[in-house]
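Let's take a walk through this one, starting at the surface and working inwards. Have a viewer open as you read.

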Amino acid sequence: MKSYKTKKTISNVLTYILLVIISIIWLFPFVGLVLQSFRSYATEYGGMVDYLVPKSFSLDNYKFLFDTAQTNYLLWYKNTIVIAVCVAVLQTLIQLCVSYALSRMRFAGRTFLMRFWLILGMFPGFLTMICLYFLLKQFGLTQAGAIPGLILVTVASCGMGYYVCKGYFDTIPKALDEAARIDGATRARIFLTMIIPMSKPIIIYTALVAFMAPWCDYVFASYVAFGHDSSYNVAVGMTRWVWTNDYQGYFTRFCAGGVLVAIPVTLLFMFLQKYYVEGVTGGAVKG
């Protein structure tokens with residue numbers, strides 16, 4: 001018995017040590033990002049810097065971000081928020097409706113449609129970038145019109161991401177729908193007054209995932225808004241900083257901008273983590 005307890009204790013200790021080491025490795029870049037954001041270019045870039053912790057902390061980089069005379073960072077931040085919020089709302093509504101229809105209704109072509117969408121989802125979106133760019137350009141949704149263009153492209157195919165949401169709806173007893181139908185309730189009323197109130201975890205999960213995609217988007221956003229500074233999102237605008245000749249000076253500003261970008265996402269996951277986990281586990285069933 002003692003031998004078993006000893007082995008279990010040693011195993012737990014080694015596991016915790018390994019987890020601590022992995023956590024340190026994982027957190028080190030983020031700690032470095034935060035520390036670099038407080039480094040002043042004026043006082044600490046006279047020569048090569050070979051230390052991580054700034055000798056004197058400064059808010060110069062953050063002041064630069066809020067100085068509209070020197071940078072469009074606040075405009076880029078606003079663009080990112082507008083795109084992310086619009087996509088989160090529209091994509092959540094569409095995915096909920098599509099998932100409910102596939103979960104509760106039986107119609108001709110349903111199985112074929114689900115399999116067809118599943119196959120289409122296996123192809124990377126990069127394959128359609130050129131085609132989408134020229135299509136958006138025909139409607140004036142590139143460069144100056146990049147923001148509505150990015151919203152449209154992101155939302156257009158979101159119905160194909162029904163898998164997790166449909167799986168969650170499958171866990172809700174269909175007897176509730178049948179009882180409501182007997183009482184004369186329509187499909188829409190059942191969905192809005194019965195299913196939606198019971199689906200808070202999956203709604204939050206879907207909204208968070210939808211919010212994160214445009215918030216972190218760089219490739220397609222840079223492609224659509226190319227050359228039009230006022231249509232950049234934060235990722236595209238900040239990347240242009242580190243492409244300048246003054247790499248060292250803009251690098252610390254890049255770090256400060258990265259810290260501000262991470263704050264909303266971090267807060268969302270901190271406060272909604274419970275529902276996020278419930279949505280993932282609740283939707284991970286065979287439908």
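## From an exposed ring to the buried helices

Start with F112: its relative accessibility is 59%, so this residue counts as exposed. Bear in mind that you're looking at a predicted model. F116 is a bit of a mixed case, since 40% relative accessibility makes it partly exposed. The two rings go together: the centres of F112 and F116 sit 5.9 Å apart with planes at 15 degrees, so the pair is stacked. Why are F112 and F116 about one helical turn apart? Because they are 4 residues apart in helix α5. In general, an α-helix has 3.6 residues a turn, so residues three or four places apart point the same way.

Zoom out a little and both rings turn out to belong to a nonpolar surface patch of about 950 Å², made by F112, F116, L118, I119, L120, M122, F123, L127 and Y163. Helix α5, which spans residues 110–120, gives the most to this patch, with 5 residues. I119 lies in that helix as well, and its 46% relative accessibility means that I119 counts as partly exposed.

Now for aromatic pairs elsewhere. Searching the whole structure turns up 18 of them. One is Y100 with F169, an edge-to-face pair at 6.3 Å centre to centre and 85 degrees between the planes. Y100 lies in helix α4 and F169 in helix α8 (residues 163–171), so this pair ties together parts that are 69 residues apart in sequence. Both Y100 and F169 are buried. Ring pairs also link F64, Y73, W76, Y77, F211, W215, Y232 and W241 into a cluster.

Helix α4 is worth following further. Q91 is found there, and Q91 counts as buried because its relative accessibility is 10%. Setting aside residues up to four places away in sequence, Q91 touches T154, C158 and A210.

T80 is also found in helix α4, which runs over residues 73–104. With a relative accessible area of 2%, T80 is buried. What does T80 contact, leaving aside its neighbours within four places in sequence? The partners are P214, W215, N233 and V234. For V234 there's a polar detail too: the side chain of T80 reaches the backbone nitrogen of V234 at 2.9 Å.

That takes us to helix α13 (residues 234–241), which is mostly covered, with 7 of its 8 residues buried. V234 is one of those buried residues, and W241, listed above in the ring cluster, is another.

Technical notes: Residues are numbered from 1 along each chain as its sequence is written. This is a predicted model: local features need pLDDT of at least 70, side-chain atom pairs count only at pLDDT 80 or more; totals for chains, interfaces and linings use all residues. Side-chain values use heavy atoms; hydrogens and water are left out. Helices (H or I, at least four residues) and strands (E, at least two) are DSSP runs, numbered from the N terminus. Buried means under 20% relative accessible area, exposed over 50%, partly exposed in between (1.4 Å probe, protein chains only). A polar contact is a pair of N or O atoms within 3.5 Å; within protein, one must be able to donate a hydrogen and the other to accept it, and residues adjacent in sequence count only if both atoms are side-chain atoms. Contact means heavy atoms within 4.5 Å. Patches are made of residues with over 30% relative accessible area and no salt bridge: like charges are joined within 9 Å, nonpolar side chains (Val, Leu, Ile, Met, Phe, Trp, Tyr) within 5 Å. Accessible areas come from the Shrake-Rupley method with a 1.4 Å probe; for residues, only the protein chains shown count as cover. A salt bridge is a side-chain nitrogen of Lys or Arg within 4 Å of a carboxyl oxygen of Asp or Glu. Rings of Phe, Tyr and Trp (its six-membered ring) pair if their centres lie within 6.5 Å; planes under 30 degrees apart count as stacked, over 60 as edge-to-face and the rest as tilted.
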